[in-house]
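Hi there,

Here is the structure I promised to pass on to you. Have a look at it first, and then read my notes below.

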Amino acid sequence: MALYLTKELDNGARIYLWHITETEQELRENNQIPDDELEELSFMKSEARRKEKLAERALLNTIFKDKVYLGHHDNGRPYLQNMAMEISISHTNDFVAIILHPDEDMGIDVERLDRDFSAVEKKALSDEEKDDLSDRNRTLQLAIYWCAKEAIYKRMSING
């Protein structure tokens, strides 16, 4: 199992990052998976998406000594059903990120830098943010803007 990073922030939040190196079968065999999550997995056609969900469960099982049950609000925001703790989750190809805080809403986003971020400029940036972009670090800047905005939307429970 591949816990890649754990970081405690000054505000008491904790970030966990899992590097998905396992096969789907390995993730299934080495995880205790609640029945509702197994049922959800059975409807997923994408192997990559199933691996992300299984790695998410593996990360939850690594973080918490006791079994935790994950639910989702109507807007898709995750919550822990049997624990008073705020959570946000993000996936990208071979990584899963979770941020936890005892009582403050949190948001997290993780992206790979080899992704094409060109649409972000038109879709999500203000004129001032566009003026801030440099040619030299454009992809990195677009990724940072995108992740920051996505994390804020998640924290505020906003879709779209």
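Let me begin at a spot that is easy to find: Ser-157 follows helix H6 and has a positive phi, near 60°. Please keep in mind that this is a predicted model.

From there it is natural to step back into H6 itself, which covers residues 138-156. At 1.5 Å a residue, its 19 residues should span 27 Å, and the C-alpha atoms at its ends are indeed 27 Å apart, so the two values agree. Which residues of H6 are buried? They are Leu-142, Ala-143, Trp-146, Cys-147 and Ala-151. Viewed down the axis of H6, these buried residues fall within an arc of 160°, so they line one face of the helix. Their packing partner is helix H4 (118-124). Ile-144 and Met-156, on the other side of H6, are exposed.

Now for the sheet. Four strands make up an open sheet, in the order E1-E2-E6-E5, with antiparallel pairing. Strands E1 (3-8) and E5 (86-92) stand at the edges; each has a single partner strand, so one side of each is left without a neighbour in the sheet. From one strand to the next, the twist averages 10°.

Within this sheet, E2 (residues 14-19) and E6 (residues 95-101) run antiparallel and are joined by six bridges. If you want a pair to look at there, Tyr-16 stands opposite Ile-98 in E6. Helix H3 (residues 47-63) packs on the sheet and touches E1, E2, E5 and E6. The direction of H3 makes about 40° with that of E6.

Finally, the chain as a whole. There are six helices and six strands in it, and along the sequence they follow the pattern β-β-α-α-α-β-β-β-β-α-α-α. The radius of gyration is 17 Å, close to the 15 Å that the globule rule gives for 160 residues, so the chain is as compact as a globular protein of that length. Along its principal axes, the C-alpha trace spans about 50 × 35 × 30 Å.

Two more totals may be of use to you. Of the 160 residues, 39% count as buried. Among contacts in the chain with a separation of 6 or more, 47% come from residues 24 or more positions apart.

Happy browsing, and best wishes!

Note on methods
Residues are numbered from 1 along each chain as its sequence is written. This is a predicted model: local features need pLDDT of at least 70, side-chain atom pairs count only at pLDDT 80 or more; totals for chains, interfaces and linings use all residues. Side-chain values use heavy atoms; hydrogens and water are left out. Two strands pair if DSSP finds at least two bridges between them. Helices (H or I, at least four residues) and strands (E, at least two) are DSSP runs, numbered from the N terminus. Axes are lines fitted to C-alpha atoms, for helices over the stretch in contact, and angles run from 0 to 180 degrees between N-to-C directions. Contact means heavy atoms within 4.5 Å. The expected span of a helix is 1.5 Å times one less than its number of residues. Buried means under 20% relative accessible area, exposed over 50%, partly exposed in between (1.4 Å probe, protein chains only). The arc is that of the directions from the helix axis to the C-beta atoms. The radius of gyration is taken over C-alpha atoms; the globule rule is 2.2 Å times the number of residues to the power 0.38.
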